[in-house]
Amino acid sequence: MTGVNRRFGLGASIALTLASTVLWGVAHLAAERRKTGLALMVAYVLLIAAVLTVFTAFSANLLSLAVQPQWLTWLTVALVVIALAWTGVIIWSFILVRPARSDTIGRVLTTALAVALCALVLAPTAYATRLAYLSRDVVDTLFSRNGTAAPILAEDPWNGADRVNFLLVGADAAPGRPGVRTDSMTVASVDVETGATVLFGLPRNLQQVRLPEGPARARFPSGFTGAGPDTPGLLNEVFQFAEDHPEIVPGVEKGKRGPALLKQTISDILGLPVNYYAMVDMKGFAEIIDAMGGVRVTIKEPIVYGKRREGLLPAGTRKLSGEEALWYGRSRTDSDDYVRMGRQKCLLNAVAKQADPLTVLNSFERLAAATKRAISTDLPQDLLPAVVDLSQKVKDAKMRSLSFVPPLISTADPDWYLIRRKVTGALEEHSSSTRTAPTPSATPTGTTPINLDTTCT
C-alpha cells in the first residue's frame, strides 16, 4: 500500500502534518515510506545537533561573526536553504496524509494548516535574512575594507600591544555655525587582556595646542590660534580647520583630514598613540539611544534642558530618552564645560553597559539606520571581530576617568608635560589596581582617575 492511496481522516492528517513539522519523517512513516521517513529523521536530528553546537560551543564567537560580511553572506544562504528544505518537508508530508478529495472541508482545513506552518518557518528566516543584510550594510558603510589591521584569524590582532587607544569624538554641527566642532573628545585606553579602561577627557576650549610636526606646525609654530576672529583657536576647531585647509595635511583626502590631524594632535598631547577614532554626531547619538529604548543614568543634581530652559531633568536614577540624554550630556546651564564633561563620561559608560545583545536585537533595524547616519570611524573591517571581543571585556571591567580640566590644568595655558605625566601615572595606577582591586573613591580629586562604575551610579 502506498502513501498516496492510503486514506487519512481530518484529525490524523492534522496531527501528522504538525508532527512532521516538529520532527521530519513522521508522516512518511505513517504513510509506510519508512526509508524516506528515517532518512528525514536522521537529517533533522543532525541539523538540530549542528545548530545547538554552533550556539553552545561557538557562542562566544557569534558576535564576532556578525561583523564579518563574508560570514553574514554564508549565514543568509544557510538560513534560506534550511527554510526551503523545511518548507518542502511540510508540503511533502501534507500531500502524503491529506484527507481524500471527497472530504472538501478536511482538504481546506489541512491546506490552510500547511500554508500556516510554511509561513511559520519562512517568517523567522525572512527576518533573520533581513538582519544579516542590515548588518552587512552597516559594516560595509562604516568600516573600510582595506585597513592595515592584522588578519582576523591572527593570534594577536593588536600586534603585541598591551593597550589600544580609541579617540571617541562627539561632534556638533550647530545651525548658524559653519563646519563641525568636536565638543567632546575622549581617549579610551583599553587593556587588551582585561578590558580595563581609562578615559582621558580633553576640554573643547584647550588653547595653544601644539599641532604635529610638518606643515601644521609650520603654520602654527607657537600653537594653534585658529583662522581669524571667529575662530579663537580652541582644540575643538582643529578638526574643521584641517578639512578646510588641505595644505596642512598633505596627501590626505577630504573627510579624512580632520580625523588624521585631530588624532595626531591628541596623541602628542597625551603621549599615547591614538590607534583609531570614532566620531558620533550628537543628534545621531540621540537617535541611537531612542533605538535602544532609552538609557538609564543617575542624575546627581537637577539639570535644566532645552534652548529656552523649558525642561528639567530631576535628580535621581531614571531612564532618559534620546533628547533628554543629549541635553544631559551637553547642558551647561547652571554649570560649566567641566561638569558637562563628567556627565558625558557617565553617559558613555551607561550606554556601554546597557547595550546588551538582546536590546540590540530587538531594535536592530532602527539602530542600524541611526548608526549609519551618526557614526564615522577609521576602524577597518578586518579588526572588527577583535574589537567585538574586546568590547565584551570592557563591559565586565571597571572603567575610570581622568579629565584635564581646572584646577589640574589651565585651559588657557596648559602644562603639556604635566598632562603626559598624569596619563602615565593613571595607566600605571590602573594596571596596579586591577591586580590589587582596591576600594575606589567616588570623589573626583582632579589628579587621579575616578571609578565611573561608582561615580555614575
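## An exposed asparagine to start with

At 63% relative accessibility, Asn159 counts as exposed, since the cut-off for that label is over 50%. Where does Asn159 lie? Look in the loop between α6 (104-142) and β1 (163-172). Its backbone is worth a look too: Asn159 has a positive phi of about 55°, although it is not a glycine. Keep in mind that this is a predicted model.

Gln208 is another non-glycine residue with a positive phi, again about 55°. You'll find Gln208 in the loop between β3 (197-202) and α7 (215-219). How much of Gln208 is accessible? Its relative accessibility is 39%, so Gln208 counts as partly exposed.

## The protein as a whole

Stepping back, the protein has 17 helices and 11 strands. It runs to 457 residues, and buried residues make up 46% of them.

There's also the matter of how contacts spread along the chain. Take the contacts between residues at least 6 apart in sequence: 67% of those join residues at least 24 apart.

## Strand β1 and its two partners

Back to the strand that follows the Asn159 loop. β1 is mostly covered, with 9 of its 10 residues buried. Which way does β1 run relative to β2 (residues 181-191), parallel or antiparallel? These two strands run antiparallel, and 10 bridges join them. To find the pairing on screen, pick Val169, which stands opposite Met185 in β2.

β1 also pairs with β4 (residues 276-281), and here the strands run parallel, joined by 6 bridges. A handy marker for this pairing is Ala171, whose bridge partner in β4 is Asp281.

## Strands β3 and β10

β3, the strand at one end of the Gln208 loop, pairs with β10 in the parallel sense over 5 bridges. One position to check is Gly201, whose bridge partner in β10 is Ser403.

How many residues of β10 are buried? The count is 5 of 5, which fits the description of β10 as mostly covered. Met399, Ser401 and Ser403 point one way from the strand, while Arg400 and Leu402 point the other way. Both sets are buried, and that includes the arginine, Arg400.

## A cis bond after β10

Keep going past β10 and you come to the loop between β10 (399-403) and α16 (416-436), where Pro407 is found. What joins Pro406 and Pro407? The link is a cis peptide bond, with omega at about 5°.

## Helices α1 and α5

Now for the helices, beginning with α1 (residues 10-22) and α5 (residues 69-97). Their axes come within 9 Å and cross at roughly 160°. Angles over 145 degrees count as roughly antiparallel, and α1 and α5 are therefore roughly antiparallel to each other. The crossing itself is right-handed.

Which residues meet here? From α1 come Ser13, Leu16, Thr17, Ser20 and Thr21, and from α5 come Trp86, Val89, Ile90, Ser93, Phe94 and Val97. Sorted by class, this contact of α1 with α5 has 6 nonpolar residues, 5 polar ones and no charged ones.

Gly9 sits in the segment before α1. At 40% relative accessibility, Gly9 counts as partly exposed. Gly9 and Arg98 are 89 residues apart in sequence, yet they are 7.8 Å apart in space, C-alpha to C-alpha.

## Helices α6 and α14

α6, the helix that comes before the Asn159 loop, packs with α14 (residues 364-374) at an angle of about 15°, with the axes 10 Å apart. That angle makes α6 roughly parallel to α14. The handedness of the crossing is left-handed.

On the α6 side, the contact is made by Arg130, Leu131, Leu134, Ser135, Asp137, Val138, Thr141 and Leu142. On the α14 side, the residues are Phe364, Glu365, Ala368, Thr371 and Lys372. How do the residues of this contact of α6 with α14 divide by class? There are 6 nonpolar, 3 polar and 4 charged residues.

Notes
Residues numbered from 1 in each chain as written. Predicted model: local features only at pLDDT ≥ 70, side-chain atom pairs only at ≥ 80, totals over all residues. Heavy atoms only, no water. Axes fitted to C-alpha atoms, helices over the stretch in contact; angles between N-to-C directions. Helix = DSSP H or I, 4+ residues; strand = E, 2+ residues; numbered from the N terminus. Parallel < 35°, antiparallel > 145°, perpendicular 65-115°, else oblique. Left-handed = near helix turned anticlockwise from the far one by under 90°. Contact = heavy atoms within 4.5 Å. Nonpolar A, V, L, I, M, F, W, Y, C, P; charged D, E, K, R; others polar. Buried < 20%, exposed > 50% of the residue type's maximum accessible area, 1.4 Å probe, protein only. Pairing = 2+ DSSP bridges.
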